[in-house]
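Grab a coffee and open the viewer. Here are a few short exercises to work through with the model on screen.

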Amino acid sequence: MQKTHYILGLLLSCQLFFAQKEKLAIFAGVEMQPTIYKYQPAANLNVRSYVNDRISLGGAFSFTSKKYSENFGYSADRTRSNHIILNFLAQNDFINTDKVALSTYLSTGLYFFSLVNPDEKTTEISHSEVDGIWYENEYEVPKKLSRDIFYNVQGGLDFSLKLATISEDDLGIYLTTRAAYQFVFGNGDFLNGNQFTKPVFSLGVTFKGNR
């Protein structure tokens with residue numbers, strides 16, 4: 001896992017060094033992510049900065065949560081799973097016209113999985129600084145039953161159709177659909193990454209223009 005962190009750090013450093021163009025793309029939509037038993041809608045966001053007219057680098061975020069009426073062997077009447085994906089993203093717009101864009105992309109990063117008991121709370125403490133004074137804040141969160149980190153890789157296609165152009169800012173608004181195959185590697189407390197190794201699909205809107 002430590003090697004994974006080094007690789008991600010190197011990729012993100014390269015992104016900041018090379019992504020010097022003014023063009024930026026932001027995708028926001030809903031992604032169908034596999035959970036323990038079946039697919040679940042997930043909030044999906046990615047932000048990319050263009051290196052040249054076709055190649056863009058950035059980051060991707062996905063989150064979903066699913067409730068279950070079983071306890072998976074833990075001391076709980078019911079449970080809830082939380083799924084968070086944080087990936088580095090590279091995309092190639094190999095067809096890029098004024099109206100249509102067809103791209104391939106590869107993203108890689110970390111898959112955070114946690115199982116919680118929503119009926120039992122634990123107290124956590126956070127610290128914040130205001131005007132040079134540190135404050136301690138206590139808040140209650142559902143009790144964590146299991147917490148695992150997996151390695152995530154996705155490769156897929158992005159198809160975008162322009163809906164409108166805001167000429168003043170040279171901003172294009174696109175209807176975008178993305179389809180990929182997701183590989184999740186690693187073993188957890190009661191499941192392994194193979195359970196999440198499946199196709200993923202997303203639909204949303206891309207905003208593309210100059211920064």
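The exercises below look at confidence, then one serine, then a pocket in this predicted model.

**Exercise 1.** Work out which stretches of the chain have pLDDT under 50.

Solution. Start with the whole chain: the mean pLDDT is 88, and 89% of the residues reach 70 or more. Next, look for the dips. Residues 2-8 stay under 50, and the model gives them seven contacts beyond four places in sequence. Residues 15-20 are also below 50, with nine contacts beyond near neighbours in sequence.

**Exercise 2.** Decide whether Ser107 is buried or exposed, and find what it touches.

Solution. First, place the residue: Ser107 sits in strand 5, which covers residues 100-130. Then check accessibility. Buried means under 20% relative accessible area, so Ser107, at 3%, counts as buried. Now list the neighbours, skipping residues up to four places away in sequence: Ser107 touches Asn87, Phe88, Leu89, Asn152, Val153 and Gln154. Finally, zoom in on Asn87, whose side chain makes a polar contact of 3.1 Å with the side chain of Ser107.

**Exercise 3.** Describe the largest pocket and its lining.

Solution. Begin with the space: the largest pocket holds about 240 Å³. Its lining has 13 residues, and the closest to the centre are Lys23, Lys162, Asp170, Tyr174 and Lys208. Then ask which elements give two or more residues to that lining: strand 6 (133-166), strand 7 (171-185) and strand 8 (199-210). Last, sort the lining by chemistry, and you get two nonpolar, six polar and five charged residues.

Methods: Residues are numbered from 1 along each chain as its sequence is written. This is a predicted model: local features need pLDDT of at least 70, side-chain atom pairs count only at pLDDT 80 or more; totals for chains, interfaces and linings use all residues. Side-chain values use heavy atoms; hydrogens and water are left out. On a 1 Å grid over the protein atoms alone, a cavity is a set of points where a 1.4 Å probe fits but cannot get out, and a pocket is an open set with protein on both sides within 12 Å along at least five of seven lines; lining residues have an atom within 4 Å of a point. Grid points are joined across faces, edges and corners, and a volume is the space filled by probe spheres set on the points. Helices (H or I, at least four residues) and strands (E, at least two) are DSSP runs, numbered from the N terminus. Ala, Val, Leu, Ile, Met, Phe, Trp, Tyr, Cys and Pro count as nonpolar, Asp, Glu, Lys and Arg as charged, and the others, Gly among them, as polar. pLDDT is the predictor's confidence in each residue, from 0 to 100. Contact means heavy atoms within 4.5 Å. Buried means under 20% relative accessible area, exposed over 50%, partly exposed in between (1.4 Å probe, protein chains only). A polar contact is a pair of N or O atoms within 3.5 Å; within protein, one must be able to donate a hydrogen and the other to accept it, and residues adjacent in sequence count only if both atoms are side-chain atoms.
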